[in-house]
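Trainee: I am new to this structure and would like to go through it carefully with you. Could you show it to me before we begin?

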Amino acid sequence: MRAYTPKDDVQKKSYYTDRFWVAPQVPKYDVSQDAVFAADLEAIKAKFDVLDAYIQVNQMVVVIHANDNYAVLELLKNEREYPQLSEMSAIDWLASEGKFEIFYQMLSMAKRKRLRIKCKIDEKEAIQSVEKLFRSADWSEREMYDMFGVVVNNHPFMKRILMPEDWEGFPLRKTYPLQGDEFAAWYEVDRIFGKEAREIIGPENRDPARVDRYDTQRFSRLGHEVPFGTDISQGEPDTPLVYQEQKGVFMIEKFDAEKSVVISDRHR
Amino acid sequence: MAQHQVNYLKDGGLPVALTTIDKVVNWGRSNSIWALTYGLACCGIEMMASGASRYDFDRFGTIFRASPRQAELMVVAGTLTKKHAEFIRRLYDQMTEPKWVISMGSCANTGGMFNTYSTVQGVDRVIPVDLYLPGCAPRPETLQYAVMMLQQKIRKEPASRAQKPKRLM
Ligand code: SF4
């Protein structure tokens, strides 16, 4: 069995080691610059707490409290002409803030505007489903649960959508290793053959580029084929490509490169 | 009355062919490899192209079947996810002996570029494979070559059912 290494600090590891590198920031503008957005923001502010609001890449971003999410989206849908929820999901900020950020991307075809509602929840906190407002939230919320483990209250069918139902761990969390944890590494073996088979089948080869030039059990060089398991460390014979073994098929002559003729005169 | 006498033994006109059971059976098997349609990802497109008119697998007697019970070759064409691994094993078990597997493309061979948590790192972790076909995606000619190599392999095997079923475990 593969030795277990703790994977909790994956996010702490720095992938980029240039100490002068600064992450590029998209500039933020004040909402008052855009009359349509300003009116929308006023309508939200009239009823709910707004923690932050700005315009970024021509889209308004409004940060609200997580327990207002259903009411705010309802207001936007029914009164502010944002009838589409084009996308929603979560972002993992657990390492820096201990929170998930949930975002709802809204689209108004009538106003030709896109607007994003954001809120933050704690790791163990649940969020209210907006599936009653937008059918598109149904699968998005299931995916959010599947990938981040954010539980959604009042969802009609809160189950994993992409990963198998008996999967352990939430793959899009930053703490989840890209190549999978212990459970993921043995998933198919455990599921099909049972845990006993781990020893027989062995660990995964995570280096697909690894080719052992002299391994004739798993590799064979085209044009240099030798019987299974032959030792070729001293070199191997050339095997011309054959399409018919033995004497070939009745009436069909074996192709022989030696006897072939190249026709130079096309109109022969 | 004219007498027509044909000396069959002399003129090579004997309407009888002598061979061995092994050869006859293997001739039949190798020239009627019915493959299970098993396109899992982009390689599946190349597999379909091999079956279609331009490359025309029917010439080799390879006809794609949509049921594992009618198939003896499984061309695993594409990325096998861990979620799906269980089903590939089930379909493989449903195929009748004798059966062969071609692992088509890097993904099926080793997991390929999907060096991630959700991809099986080589279909040979789940089912026994006879032929690995490199490429991403292998062209239809490559698949044809693979089928021809498989035919050669079949012809080399003894036809008797004394051969024991292949098992990964
Ligand atoms: S080997 Fe390449 S072409 Fe084939 S399934 Fe994988 S990614 Fe697609």
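Trainee: What span should the twelve residues of helix α4 of chain A have at 1.5 Å a residue, and how far apart are its end C-alpha atoms?

Mentor: In this predicted model, local features need pLDDT (the predictor's confidence in each residue, from 0 to 100) of at least 70, side-chain atom pairs count only at pLDDT 80 or more, while totals for chains, interfaces and linings use all residues, and side-chain values use heavy atoms, with hydrogens and water left out. Residues are numbered from 1 along each chain as its sequence is written, and chains are lettered from A and ligands numbered from 1 in the order in which they are written. Helices are DSSP runs of H or I with at least four residues, strands are runs of E with at least two, and both are numbered from the N terminus; the expected span of a helix is 1.5 Å times one less than its number of residues. For α4(A), residues 137-148, the expected span is therefore 16 Å, and this agrees with the distance between its end C-alpha atoms, 15 Å.

Trainee: Is α4(A) mostly covered or mostly open, and how many of its residues are buried?

Mentor: Buried means under 20% relative accessible area, exposed over 50%, and partly exposed in between, with a 1.4 Å probe and protein chains only. The buried residues of α4(A) include A:A137, A:M144 and A:F148, and also A:D138, A:E141 and A:R142. The helix is mostly covered, the buried count being nine of twelve.

Trainee: Which elements do the buried residues of α4(A) pack against?

Mentor: A contact means heavy atoms within 4.5 Å. The partners of these buried residues belong to chain A, and they are β3 (84-93), β4 (99-108), β6 (127-128) and β7 (152-153).

Trainee: Which residue follows α4(A), and what is its phi?

Mentor: The helix is followed by A:G149. The phi of A:G149 is positive, near 75°.

Trainee: Which helix supplies the largest share of the shell around the ligand?

Mentor: The ligand is surrounded by 13 residues, each with a heavy atom within 4 Å of it, and B:C42, B:C43, B:C107, B:C136 and B:A137 are the closest. Both α3 (42-51) and α5 (105-110) of chain B supply at least two residues of this shell. The largest share, three residues, comes from α5(B).

Trainee: What confidence does the predictor give the complex as ipTM and pTM?

Mentor: For chain B, the mean pLDDT is 86, and 86% of its residues reach 70 or more. For the complex, the predictor gives an ipTM of 0.78 and a pTM of 0.77.
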